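User: I would be grateful for a close look at one part of this protein chain, set in the context of its surroundings. Please begin with how far the model can be trusted.

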Amino acid sequence: MGNTKSETIGQKPIKHCGGCQRDLPRSEFYRNSKTSDGLQTRCKGCAREAQRANYGARNITQRQKRKQNWDKIFEYFGGRKCIHCGIESKWPIYDLHHKDPNTKDVSIGTIAHYNWDKVFPEVEKCVLLCANCHRIAHAKERKETLDPI
């Protein structure tokens with residue numbers, strides 16, 4: 001009888017945001033099943049701001065870690081040189097190719113920003129190829145025939 005759903009279950013139709021300190025309608029909060037009222041502690045606007053700030057910092061950290069790990073990968077393979085064609089380049093033209101696809105646990109690109117002790121076991125299963133040779137290697141694995149144009 002005129003009661004809103006939140007009033008019916010004993011909750012106020014407004015909620016206080018822990019970020020901007022404003023009282024806002026409950027619809028301005030994302031859901032969170034782990035809190036007593038089922039909503040986040042910050043409003044959607046504050047949550048977005050926090051996510052953007054965290055993303056930027058996390059992205060920089062991951063980029064730095066990825067670069068450090070690739071430097072270690074090149075050191076492990078004795079430099080930036082494709083083992084198939086021998087091309088050497090300072091540019092990011094290299095891929096890691098799993099010697100035996102059955103031993104592949106994860107793609108290096110997925111874990112390149114992890115700690116080296118997690119990356120290295122996967123690197124040991126690979127060879128360093130330039131992008132062209134890597135594509136050729138996969139084509140041969142699939143036994144594809146590439147007809148010249």
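Which elements of the protein chain have the lowest and the highest mean pLDDT? With that settled, please examine helix H2 (44-76) and what surrounds this helix.

Analyst: The model is a predicted one. Helix H1 (residues 5-8) has the lowest mean pLDDT among the elements of the protein chain, at 40, and E6 has the highest, at 97. Over residues 1-9 the pLDDT is below 50, and this stretch has seven contacts in the model beyond near neighbours in sequence. The average pLDDT of the protein chain is 88, and 89% of the residues score at least 70.

Helix H2 comprises 33 residues. From its first C-alpha to its last, H2 reaches 46 Å, which is close to the 48 Å expected at 1.5 Å a residue. The buried residues in H2 are Cys46, Asn69, Ile73 and Phe74. An α-helix has 3.6 residues a turn, so residues three or four places apart point the same way. The elements that cover the buried residues of H2 include strand E4 (39-43), E5, helix H3 (108-111), helix H4 (116-123) and E6.

Cys46 merits separate attention. With a relative accessible area of 14%, Cys46 counts as buried because the limit for that class is under 20%. The closest cysteine sulfur to that of Cys46 is in Cys43, at 3.6 Å, which is too far for a bond because a disulfide requires sulfur atoms within 2.5 Å. Cys20 likewise has its closest cysteine sulfur in Cys17, at 3.6 Å, again too far for a bond. Cys20 is partly exposed, however, with a relative accessible area of 29%. By the distance rule, the count of disulfides is zero.

Just after H2, Gly78 adopts a positive phi of about 80 degrees. The loop between H2 and E5 contains Lys90. Lys90 counts as exposed because its relative accessibility is 64%, and the class begins over 50%. Between Lys90 and Gly79 there are 9.9 Å in space, C-alpha to C-alpha, for a separation of 11 residues in sequence.

Beyond the loop comes strand E5 (residues 94-98), one of the elements that cover the buried residues of H2. Strand E5 is itself mostly covered, as four of its five residues are buried. E5 runs antiparallel to strand E6 (residues 126-130), and five bridges join the two. One of the residues involved is His97, whose bridge partner in E6 is Val127. E6 is also among the elements covering the buried residues of H2.

Key:
Residues are numbered from 1 along each chain as its sequence is written. This is a predicted model: local features need pLDDT of at least 70, side-chain atom pairs count only at pLDDT 80 or more; totals for chains, interfaces and linings use all residues. Side-chain values use heavy atoms; hydrogens and water are left out. Buried means under 20% relative accessible area, exposed over 50%, partly exposed in between (1.4 Å probe, protein chains only). Two strands pair if DSSP finds at least two bridges between them. pLDDT is the predictor's confidence in each residue, from 0 to 100. Contact means heavy atoms within 4.5 Å. The expected span of a helix is 1.5 Å times one less than its number of residues.
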